[in-house]
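Here's a quick look through one protein model, from confidence to a helix and some ring contacts. Have the structure open as you read.

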Amino acid sequence: MRRPVLFTRCCYFVCLMTVFIVTPLAANDKKTEPTNAAEAAAKKAEQAAAINKKFAEWKATLSPEQQAWETVLEENLGGFYLPIYKKQKVQGVVTAWDYVADDPNLPRVLLIGDSVSRGYTQAARKALKGKANVHRAPANCGPTATGLKKLDVWLGDGKWDVIHFNFGIHDRRTPAADYEQRLDEIVKRLKKTGATVVWASSTPIPADWKEGPEMKTKLEEKNAIAAKVMKDNGVEIDDLYSFILPHLSETQNPKDVHFNGKGYNMLGQQVAKHIEGTLEKRDQK
């Protein structure tokens, strides 16, 4: 059976269009997509250099005080968090590590902790707006071993009214005796600042986390040790573990220690509530 002339011509036209449209796109793709590891690394370095240049230009427009803070961040955020922070800042994103210009009429609050603490910082800051200047340590603070090394940098030169802190998830594998000793030393150092010190119990590790169900037990053991250290040192506890535990199914990411937006908002509001109560008691003394 002979094909209609119109059908044959249409097929020929489609073939021609494929040659003139698809081929140039494929060639263009080769110009933009890396073809090997070396090219990929070079492209990544080029992108990083562009972000660094924009960040430096942005930093140069800031006040001397804010430039000093950005320098502290550059020296302490590390190879993982610093590139993320720089990219966010050149895009105009508000972050937990942003410079805080103090209202001299308000108390100063410092948050110390890991990525969970960082996650609820902005919610706590928002809830305490007009009530406190809420700062956070210039790092993802990690385990107690890091805390002992970096505490002076995190505290800076200013006076603090309240220090709300946590070390736990990053200490899940730390031997119990070492954890207790380090935590006790950190507490004593924080109390010397004259601030009211508040311990935040570590939020839960799910039993189905990638590192196995034993990590859930290890974290609970660390919370028990921390509770003892705080009692011995007269430090109040913001029990975030018990607070968020009934809400994990709706707030914690699946098989993860981190939280979704709702979870961080709830934690931030709880932190703010506790800090506000602490400040009220401090004013009554």
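## Confidence

The chain averages a pLDDT of 91 (pLDDT being the predictor's confidence in each residue, from 0 to 100), and 88% of its residues reach 70 or more. Residues 1-30 are another matter: pLDDT is below 50 there, and beyond near neighbours in sequence the stretch has 4 contacts in the model (heavy atoms within 4.5 Å).

This is a predicted model, where local features need pLDDT of at least 70 and side-chain atom pairs count only at 80 or more, while totals for chains, interfaces and linings use all residues. Residues are numbered from 1 along each chain as its sequence is written, and side-chain values use heavy atoms, with hydrogens and water left out.

## Helix H8

H8 covers residues 214-233 (helices are DSSP runs of H or I, at least four residues; strands are E, at least two; both are numbered from the N terminus). Its buried residues (under 20% relative accessible area, 1.4 Å probe, protein chains only) include Met215, Leu219 and Lys222. The buried residues of H8 pack against helices H7 and H9 and strands E3, E4 and E5. Just after H8, glycine 234 has a positive phi of about 65°.

## Rings and charges

Trp154, Phe165, Phe167 and Trp199 make up one aromatic cluster. Phenylalanine 165 and phenylalanine 167 are both buried.

Two charged ends sit over rings (Lys NZ or Arg CZ within 6 Å of the ring centre and within 35 degrees of the ring normal): arginine 108 over tryptophan 160, 4.0 Å from its centre, and lysine 222 over tyrosine 179, 6.0 Å from its centre.

How values were computed: The expected span of a helix is 1.5 Å times one less than its number of residues. Buried means under 20% relative accessible area, exposed over 50%, partly exposed in between (1.4 Å probe, protein chains only). Rings of Phe, Tyr and Trp (its six-membered ring) pair if their centres lie within 6.5 Å; planes under 30 degrees apart count as stacked, over 60 as edge-to-face and the rest as tilted.
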